[in-house]
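Grab a pencil and open the viewer. Try each exercise yourself before you read its solution.

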Amino acid sequence: MSEVLHIEGLRKRFGANEVLRGIDLSVSRGETVVIIGASGSGKSTLLRCVNFLELPDAGRIQIEGKDVGEPVRGEPTGTRRRYRERALAAVRTRVGMVFQQFNLFPHMTALENVMEGPLSVLGLPRAEARQRAEAMLERVGLADKLASHPSRLSGGQQQRVAIARALVMEPVLMLFDEATSALDPELVGEVLQVMRDLAESGMTMLVVTHELGFAFHAADRVVFLHEGVVHETGTPEAVLLAPRQPRTQAFLASLSHFRLPN
């Protein structure tokens with residue numbers, strides 16, 4: 001399988017706090033990689049760097065084999081890079097991201113929210129944008145909510161609209177940053193099912209989540225992040241059921257709600 005995402009030596013600092021301290025990670029086409037770790041381990045910052053909502057301080061990111069950014073002249077390879085806004089905008093059309101908060105336009109219907117990207121970013125004709133949007137809303141189980149505004153939708157439905165909004169851009173990679181953490185417990189399942197369906201359909205996904213049941217059943221690989229470095233990685237069975245590293249073991253032991261599958 002070809003690599004959709006390749007990361008080498010990724011570093012990100014906020015003031016004196018170095019959040020990412022040399023991340024090496026790759027995601028192959030059709031693979032679902034789930035990132036777990038304690039609060040403050042750098043999980044969300046990693047995703048935001050992949051989508052360039054945060055600019056890396058050092059390191060290299062490739063999307064489908066192509067480097068993003070240009071080396072800074074006179075600096076060693078693998079350090080700072082220069083990022084031009086036009087290039088970053090192009091990356092963001094190919095890398096979809098779903099956040100904790102839904103960030104829907106409240107004055108737009110579900111259909112209009114999903115159509116907005118194809119219309120304003122891709123410049124598609126309205127009829128084609130509508131056709132795409134309807135198909136994506138049907139895919140996430142909301143074919144009957146096209147005309148509903150966000151205020152008329154549950155949290156789970158709003159997050160599914162947000163997923164459709166990302167999918168309609170036909171990304172090569174989908175990022176999920178704790179997509180269920182803002183939902184009431186009874187609504188979590190419907191969003192996780194959509195994500196699981198996407199994984200089974202072959203969508204390439206990098207997922208930050210505290211839902212370890214989803215990680216166990218849907219991931220091809222689980223990555224445990226600790227203090228800004230990849231501390232352990234492997235199959236869900238290896239990392240979640242038989243972790244080798246003491247810090248991974250301690251993290252899993254601290255999650256009283258996580259039970260081993262029968």
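Here are some exercises on this model, which is predicted.

**Exercise 1. Work out how the strands of the open sheet are ordered, and find its edges.**

Step 1: Let's start with the general idea. Strands of a sheet pair through backbone hydrogen bonds, in either a parallel or an antiparallel way.

Step 2: Now trace the sheet. Its 4 strands run in the order β2-β1-β4-β5, and the pairing is antiparallel.

Step 3: Look for strands that pair on one side only: those are the edge strands, β2 (17-28) and β5 (66-67).

Step 4: Zoom in on one pair. β1 (residues 3-14) and β2 are joined in the antiparallel sense by 9 bridges. Pick Ile-7 and look across to β2: its bridge partner there is Leu-25.

**Exercise 2. Decide whether Ser-151 is buried or exposed.**

Step 1: Find Ser-151 in the loop between α4 (126-139) and α5.

Step 2: Check its relative accessibility, which is 67%. The cut-off for exposed is over 50%, so Ser-151 counts as exposed.

Step 3: While you're there, try a distance. Leu-104 is 47 residues from Ser-151 in sequence, and their C-alpha atoms are 10.0 Å apart in space.

**Exercise 3. Find out how many residues of helix α1 are buried, and name them.**

Step 1: Select α1, residues 43-50.

Step 2: Count the buried ones, using under 20% relative accessible area as the cut-off. You should get 6 of 8, and the helix is mostly covered.

Step 3: List them: Lys-43, Thr-45, Leu-46, Leu-47, Cys-49 and Val-50.

Step 4: Peek past the helix. Phe-52 follows α1, and its phi is positive, near 60°.

**Exercise 4. Explore the largest nonpolar core and say which residues touch the most other members.**

Step 1: This core has 53 residues, and the ones that touch the most other members are Ile-163, Phe-176, Met-195 and Met-205.

Step 2: Ask which helix brings the largest share. That's α6 (residues 185-201), with 8 residues.

Step 3: Follow the contacts of Met-195, skipping neighbours within four places in sequence. You'll meet Ile-163, Phe-176 and Met-205 again, along with Ala-179, Val-207 and Phe-214.

Step 4: Don't stop there. Another core of 31 residues lies apart from this one, and its members include Leu-20, Leu-88, Leu-173 and Leu-225.

**Exercise 5. Describe the largest pocket and its lining.**

Step 1: Again, a general idea helps. Rolling a probe the size of a water molecule over the atoms shows where empty space is left.

Step 2: The largest pocket has a volume of about 510 Å³. Of its 20 lining residues, Arg-92, Gly-117, Val-121, Arg-165 and Met-169 are the closest to its centre.

Step 3: Sort the lining by element. At least two residues come from each of α2 (85-94), β8 (95-98), α3 (110-120) and α5 (155-167), and α3 gives the most, with 4.

Step 4: Sort it by class, and you get 10 nonpolar, 7 polar and 3 charged residues.

**Exercise 6. Do the same for the largest cavity.**

Step 1: Its volume is about 30 Å³.

Step 2: Its lining is made of Met-97, Val-98, Phe-99, Gln-101, Phe-102, Gln-159, Ala-162 and Arg-165.

Step 3: β8 and α5 each supply at least two of these residues, with α5 giving the most, 3 residues.

Step 4: The classes come out as 5 nonpolar, 2 polar and 1 charged.

Methods
Residues are numbered from 1 along each chain as its sequence is written. This is a predicted model: local features need pLDDT of at least 70, side-chain atom pairs count only at pLDDT 80 or more; totals for chains, interfaces and linings use all residues. Side-chain values use heavy atoms; hydrogens and water are left out. A nonpolar core is a set of buried Ala, Val, Leu, Ile, Met, Phe, Trp, Tyr and Cys residues joined through side-chain atoms within 4.5 Å. Buried means under 20% relative accessible area, exposed over 50%, partly exposed in between (1.4 Å probe, protein chains only). Contact means heavy atoms within 4.5 Å. On a 1 Å grid over the protein atoms alone, a cavity is a set of points where a 1.4 Å probe fits but cannot get out, and a pocket is an open set with protein on both sides within 12 Å along at least five of seven lines; lining residues have an atom within 4 Å of a point. Grid points are joined across faces, edges and corners, and a volume is the space filled by probe spheres set on the points. Ala, Val, Leu, Ile, Met, Phe, Trp, Tyr, Cys and Pro count as nonpolar, Asp, Glu, Lys and Arg as charged, and the others, Gly among them, as polar. Two strands pair if DSSP finds at least two bridges between them.
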